[in-house]
Each structure stands twice: as C-alpha cells, then as structure tokens.
Amino acid sequence: MTSLPLPPGQLGLPLIGETPSFLLDPRFAAKRQRRYGNFFKTHILGSPTVVFIGPEGCEFLLSSHMQHFAWKGGWPQNFQELLGESLFLQDGETHRRNRRLMMPAFHGKALEGYFSTMMNLAEQYQQDWAQQDELTVFPAMKQFTFEVASVLLVGSPPGAPIDQLSQWFTDLTNGLFAPPLRWRWLPYGRALRARDRLLTYIEEMIQTRQANPTQDVLGLLLQTEDEAGNRLSQEEIKVQTLLMLFAGHETTTSLLTSLMMMLGQHPAVLQQAREEQDALAATGTLTLDQLKQMPYLDQVLKETERLYPPVGGGFRQVIKPFEFKGYRVPAGWLALYRINETNRAAYAAPDRFDPDRFSPGRAEHRPSDYSLVSFGGGPRVCLGLAFAKMEMKIFAALLLRRYTWRLAANQDLSMKPIPTLRPASGLKLSLARR
Ligand code: HEM
C-alpha cells in the first residue's frame, strides 16, 4: 500500500494550507471536484485532509470502512472544547453504549408523545407571524425550533427564558468556526461563556427532573438503563443534552427556511402540496396518522433537503491508514465527506428543484443508500432524524393548510453555508391567513 500515490489535489500555503478558501468560498469543494474528481487532498484547519464526494466514498467512510475513522479527532478543536464529551466526539464502545441509552427518547412511543407539543407550538408561532407586516424567517424560525427543542428535550416550562437561551446558543454556534481567542468580548470567548451558562441551566433542569420525573428527553435519559444496568451519569447527561439542543435546532431552522423559500419560488409545487393538504384537512385536523399520508410533501421535503443540506459535510480523523481508488491515505490526516456535493452527484439535472425525482416512478435516489446524506448515514446516522422529520412535516402541513406567503422583492437570497446554511437576507416575506 505504501507504494500507492497520495490522492490528487493541492496542500496550499505553508501552515494555513487552503483554510481561507475553505471557510470563505462556498464552491471550495465543487471547484476541486471538477479539477480532481470525487476523491482529493487539501490542507485545512491545520491538517492534511482527504475529501470524499459521492455515494461510493460516503458508504466507504460512513459504513463499510468506518473503523478507519474517528469522530473525536475529526472535529476542529473549538468543537471539542465547546461541545464537550458528547456523542459527537465519542467513538467505539463508549459511543455505542451512549447512543443505545439515548435512542429510545427519539423513537416509537416517545416520539409519538411529542406530536401535540410540536403542533401547538407551530400553530402559535404561525399565528404570531401572520400579525407582522414583514417577517425575517431564519431568526423567527430559530425561536420556534429552539422552543420545541427546549420544551421536548429539556422540559423547559412555559415562560422559560427562551430568548435568552436561544441567544446563548447563537453565541455558542458563532464560536465553532471563530479563531480560538478566549477574551470575553471576542466570539470564542463569548461562546465559552454561553456554554457555561447553558450547562448551569441544564444542571438546574436536571435537579428539577430528579424531584419530579417527566416524559421529555431529559426525563427519559435520567430514568433510562440498558440491559446491563448502565446509566448515564449526571455529567454525561449534561453534555449530551447540550449537544442535542445544539444539533437539534439550527439544522431544522435551516431546512424549514429553505422549504419556505422553495415553495415561495415554485408556484406549481406549492399548489400540488397545498392540494394534498386540503384533501387531508377535509377529513379532519392534523393527526399523527395523517402525517403518514403525505407522499407529495415527503417528496418536497426530500428535494429541499437534497439541494439545501443544513450541514455541508462531516469531519473524521483517519486513525488507520487506508486505500481507496488506487490511492493511499496515512493515519493522522483528517477526512471530510461533503454532503452538499454528494447530494448532487447521482441525480439528473442536479441543480434543478424537482420534487418528482423522488416519486415512486422515478426514485432517482434508489440506486444507493448514500446518494442523499443530509442526515449523515450508516450506523451513526443523525440521532434526531425522525424527530426533525416529524417537526418539519407538522410545521409544513399546518402552514400549507392555513397560510399564503409572498417573498419580499430585492433581497439577497445567496446561500451562506457557515455555520448552517441560510439565505443572506434571512428570507424576508409576508404571511397571511388563507
Ligand atoms: C434538519 C435537521 C437535522 C439535520 C440536517 C441533521 C444532520 C446531521 C448530520 C449530517 C449528522 C452526521 C454528522 C456526521 O456524520 O459527521 C447528524 C448527527 C447527529 N444529529 Fe442531527 N440533524 C438534524 C436534526 C437533529 C436533531 C433534531 C437532533 C436531536 C434532537 C440531532 C442530533 C444529532 C446527534 C446526537 C448526532 C450524532 C449521532 C452519533 O454520533 O451517533 N440532529 N445530524
């Protein structure tokens, strides 16, 4: 294997490598893909890095050869310090044990129990938004998804300081890609302070839960035990909860904002999605059962997810050298799988918004489980996938049934990828009752 060449690509300038273009140029990976193909090297965030694009590479990294890669050393140092010893940064047996303990809170009966809270909050927020002349969707949506996460994950009571908590999360998120300078007035210093305040809040919630057990995710985590009698310690629950709150609301905000933008720009799709909802609404109010009868909305959400993945890619550390496509990659490098470009690699006219590509007749995604990777894939696929899909479907179904919206003219809708994908303007529109 050592006689094989390294993958094609450039390592850039001494020390900084190609980091500035990686952080500033949204077409960083696409440009290199055109030059070198679906597997190339670069040097970013202080390390030589190999980039995987496309279903075959993603399957290799996420599943068939996942033992060559670790999550822990893969994420930049800022992530490690800000998100602590949580699932995102764990591997092997520790990760398996913790994921097994957390899983029940995101599936089956527990998930069904979240339906009415999600629906009530969606109704409330949409009503409020319709009172405003003009709405900037991204920050407004962030309040909504944060309140859902905060009530369902942590059990925050009504009247909890949602605005304050959400602001701390914004500070935390802004620190993820900031220079790691710890002064309080700089983004990274603010992020560290926000993390400490959030952990203190979660600790207080844990103490309340211990006195009064509840059915939110935090309540379930405190009660859960696996067959071997393992439990998560209080310290573990604190950081896992911080991670879930973090992972669970910016991402959903991003996708729902893109969904409103796509529906606002594609009247024929909007009409078909609305007809589906009107037919269901004629049989009664939204129920869990109705959520399973919306094939067209499923297609629209999938197509939005394909074109506008909230997270552009995922990092790993190479812990065992490997060979792929006739190239070798040494241990110690970073590996990055690109979601944005993979979601375009296996589709006809990939830049076109075309929900019908997911219709049963076409099913363009079918040849590989790794042709749509917005939620990752393999054994470590997003833990909150079903939670996020249910929340997005409830929100979209209610919106289509009750409201129309018009995008404001003259706004900058170019997409900013960091920290999560969003239109530069935040998406300005006005919402009115139908
Ligand atoms: C639209 C919404 C969401 C998107 C697009 C999304 C995306 C992702 C992606 C791409 C990964 C894998 C990262 C990698 O392979 O490096 C991931 C993992 C994860 N997500 Fe999500 N996510 C969403 C919502 C949520 C929600 C609602 C939660 C929790 C409430 C959540 C919790 C997690 C956790 C804990 C992991 C790590 C899983 C593990 O390491 O085993 N996510 N997510």
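So, Asp-354 and Arg-352 make a salt bridge, with their closest N and O atoms 3.4 Å apart. Keep in mind that this is a predicted model. Asp-354 has 9% relative accessibility, and because buried means under 20%, it counts as buried. And this pair has company: Glu-303, Arg-306, Arg-352, Asp-354, Arg-357, Arg-362 and Glu-364 are linked in a network of salt bridges.

How many salt bridges does a search of the whole structure find? The number is 27. Let me pick out two others. Glu-250 pairs with Lys-142, and there the closest N and O atoms are 2.7 Å apart. This one ties together distant parts of the chain, with Glu-250 in helix 12, Lys-142 in helix 8 (residues 137-154), and 108 residues separating the two. Are these partners buried or exposed? Glu-250, at 3% relative accessibility, is buried, and Lys-142, at 8%, is buried as well.

Now look at Asp-196 and Arg-195, whose side chains meet in a salt bridge at 3.0 Å, N to O. Here Asp-196 counts as partly exposed, at 39% relative accessibility, while Arg-195 is buried at 17%.

Okay, on to the ligand. It has an iron atom, and which residue is its only protein donor? That's Cys-382, through its SG atom, at 2.3 Å. You'll find Cys-382 in the loop between helix 16 (339-345) and helix 17 (385-402).

There are 28 residues around the ligand, and those that come nearest are His-95, Arg-99, Arg-316, Tyr-337 and Cys-382. Three of these names come up again when we look at oxygen atoms of the ligand. Arg-99 has a polar side-chain atom 2.7 Å from a ligand oxygen. For Arg-316, an N or O atom of the side chain sits 2.9 Å from an oxygen of the ligand. And for Tyr-337, the distance from a polar side-chain atom to a ligand oxygen is 2.6 Å.

Which elements give two or more residues to this shell? They are helix 5 (92-102), helix 12 (234-265), strand 5 (313-318) and helix 17. Helix 12 supplies the largest share, 6 residues. By type, the shell splits into 17 nonpolar, 8 polar and 3 charged residues.

Tyr-337 takes us to strand 8, where it points the same way as Ala-335, while Leu-334, Leu-336 and Arg-338 point the other way. In general, side chains in a regular strand alternate between the two faces of the sheet. Strand 8 covers residues 334-338, and 5 of its 5 residues are buried.

What does strand 8 pair with? On the parallel side, 4 bridges join it to strand 2 (residues 47-52), with Thr-49 standing opposite Leu-334. Strand 5 pairs with strand 8 in the antiparallel sense, over 5 bridges, and there Gln-317 stands opposite Leu-334.

Last stop: an open sheet of 3 strands, in the order 4-12-9, with antiparallel pairing. Strand 4 (135-136) and strand 9 (403-407) are its edge strands, each pairing on one side only. Between strand 4 and strand 12 (residues 428-433) there are 2 bridges, and Leu-135 has Leu-429 as its bridge partner in strand 12.

Key. Residues are numbered from 1 along each chain as its sequence is written. This is a predicted model: local features need pLDDT of at least 70, side-chain atom pairs count only at pLDDT 80 or more; totals for chains, interfaces and linings use all residues. Side-chain values use heavy atoms; hydrogens and water are left out. Donors are N, O and S atoms within 2.8 Å of the metal (3.2 Å for Na, K and Ca); water is not among the atoms, so sites may look incomplete. A residue is near a molecule or strand if one of its heavy atoms lies within 4 Å of it. A polar contact is a pair of N or O atoms within 3.5 Å; within protein, one must be able to donate a hydrogen and the other to accept it, and residues adjacent in sequence count only if both atoms are side-chain atoms. Ala, Val, Leu, Ile, Met, Phe, Trp, Tyr, Cys and Pro count as nonpolar, Asp, Glu, Lys and Arg as charged, and the others, Gly among them, as polar. Buried means under 20% relative accessible area, exposed over 50%, partly exposed in between (1.4 Å probe, protein chains only). Two strands pair if DSSP finds at least two bridges between them. A salt bridge is a side-chain nitrogen of Lys or Arg within 4 Å of a carboxyl oxygen of Asp or Glu.
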